[in-house]
Amino acid sequence: MAVWKKQELTMANITVIGLGAMGSRMASNLLKAGHVLTVWNRTPAAVKELASAGAIIGKTPREAVASADVVLSMVRDDDASHEVWLDAEHGALAGMQPHSIAIESSTLTPGWIKTLAAEMAAHTRHFVEAPVSGSRPQAEAGTLVWFAGGEQDVIKKIQPVLLQMGSVVYHTGAHGSAALTKLATNALMGVQVTAIAEIIGILNQEGADVARVLNAVSGTSCWSPLAGGISGLMMSENYTPQFPSELIEKDFGYILQSTASGQDAPTLNGARAVFQRAIDAGQGADNMSGVVRLFR
């Protein structure tokens with residue numbers, strides 16, 4: 001597996017499509033790095049801050065990519081990705097220049113990534129899937145971890161741009177492999193989150209000193225950096241969105257599409273059910289740490 005880290009960076013004309021919590025922060029780092037940046041977002045209000053900092057606003061995805069060397073998409077799901085790239089009237093693919101490289105950084109299904117890659121190939125456009133590990137703080141700090149799927153020589157061309165927004169790039173293999181890597185990462189994270197929430201609930205029911213018990217557990221080999229961070233948020237009742245429950249539930253649904261039945265992945269199905277309960281309780285937009293409230 002190829003791994004790339006920070007190196008000398010080059011300037012480019014870059015378009016970012018999708019300015020949600022992650023995309024807006026990634027775009028801001030590209031603008032600070034000196035790139036000529038064009039942006040598009042479904043909700044126009046999201047572009048104002050970047051426009052005031054010097055970004056160009058595109059009226060449609062197709063218009064936004066007209067002069068781009070690199071086009072990066074960061075949207076919510078498969079449907080949104082399909083729309084911004086392939087919409088018959090406004091889709092970005094039809095507006096890309098022959099030399100430009102498309103990057104899909106959204107968390108999507110491997111099946112859709114392979115379909116999109118085939119569409120890119122049919123139009124003789126270079127394509128890299130590059131989802132990220134990290135949430136809003138990492139996006140803002142430019143320390144995201146990139147999973148890149150596609151041709152290695154194409155990834156090498158755009159990795160300086162990726163490293164303007166992150167700390168390392170892992171080449172995971174062919175198209176679809178990065179999507180699987182990202183979904184596996186999020187599934188492992190989600191399982192830990194629900195387990196810690198349940199354990200805190202049990203400790204509270206038993207009248208234990210929760211902080212003291214968790215501190216003892218943290219001295220063992222089973223404790224992870226995520227466990228430390230998420231348990232701290234739960235204990236301090238901090239549910240400010242970083243990775244909302246509704247998004248991790250979506251990602252569980254995506255990875256479970258690769259299984260024949262729920263019996264093939266009972267742990268993942270169980271964790272997904274916890275996040276579904278949080279959504280049903282009106283907590284879908286809260287950070288995933290908020291699932292601890294289900295066990296009090």
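**Pockets and strand pairs in a predicted model**

By class, 17 nonpolar, 16 polar and 7 charged residues make up the lining of the largest pocket. The model is predicted. The volume of this largest pocket is about 1,000 Å³. In total, 40 residues line the largest pocket. Nearest its centre lie M22, Q242, F243, P244 and L247. Several elements each give two or more residues to this lining. Among them are the helices α1 (21–32), α4 (78–86) and α6 (136–141). Further along the chain, α8 (177–205), α10 (225–235) and α11 (245–256) also contribute at this level. The strand β8 (132–133) belongs to this group as well.

The second largest pocket has a volume of about 230 Å³. Its lining consists of S24, R25, S28, N29, L31, K32, A46, E49, L50, A53, A139 and E140. Two or more of these residues come from each of α1, α2 (48–52) and α6. Helix α1 supplies the largest share, with 6 residues. By class, the lining of the second largest pocket holds 5 nonpolar, 3 polar and 4 charged residues. Both α1 and α6 are also among the elements that give two or more residues to the lining of the largest pocket.

Two parallel strand pairs are described next. Strand β6 (residues 101–104) runs parallel to strand β7 (residues 126–129). These strands are joined by 4 bridges. Within this pair, A102 has F127 of β7 as its bridge partner. Helix α5 (residues 110–122) completes a β-α-β unit with β6 and β7. This unit is right-handed.

Strand β9 (residues 144–149) and strand β10 (residues 166–173) are also parallel. Here 6 bridges join the two strands. L144 is paired by a bridge with G166 in β10. From β9 the chain passes through helix α7 (residues 152–162) and reaches β10. This β-α-β crossover is right-handed.

Ring contacts were also examined. The count of aromatic pairs comes to 1. A charge also sits over a ring: the charged end of R293 lies over the ring of Y239. The distance from this charged end to the ring centre is 4.1 Å.

Methods
Residues are numbered from 1 along each chain as its sequence is written. This is a predicted model: local features need pLDDT of at least 70, side-chain atom pairs count only at pLDDT 80 or more; totals for chains, interfaces and linings use all residues. Side-chain values use heavy atoms; hydrogens and water are left out. On a 1 Å grid over the protein atoms alone, a cavity is a set of points where a 1.4 Å probe fits but cannot get out, and a pocket is an open set with protein on both sides within 12 Å along at least five of seven lines; lining residues have an atom within 4 Å of a point. Grid points are joined across faces, edges and corners, and a volume is the space filled by probe spheres set on the points. Ala, Val, Leu, Ile, Met, Phe, Trp, Tyr, Cys and Pro count as nonpolar, Asp, Glu, Lys and Arg as charged, and the others, Gly among them, as polar. Rings of Phe, Tyr and Trp (its six-membered ring) pair if their centres lie within 6.5 Å; planes under 30 degrees apart count as stacked, over 60 as edge-to-face and the rest as tilted. A charge sits over a ring if NZ of Lys or CZ of Arg is within 6 Å of the ring centre and within 35 degrees of the ring normal. Two strands pair if DSSP finds at least two bridges between them. A crossover is right-handed if, with the strands pointing away from the viewer, the path from the first strand over the helix to the second runs clockwise.
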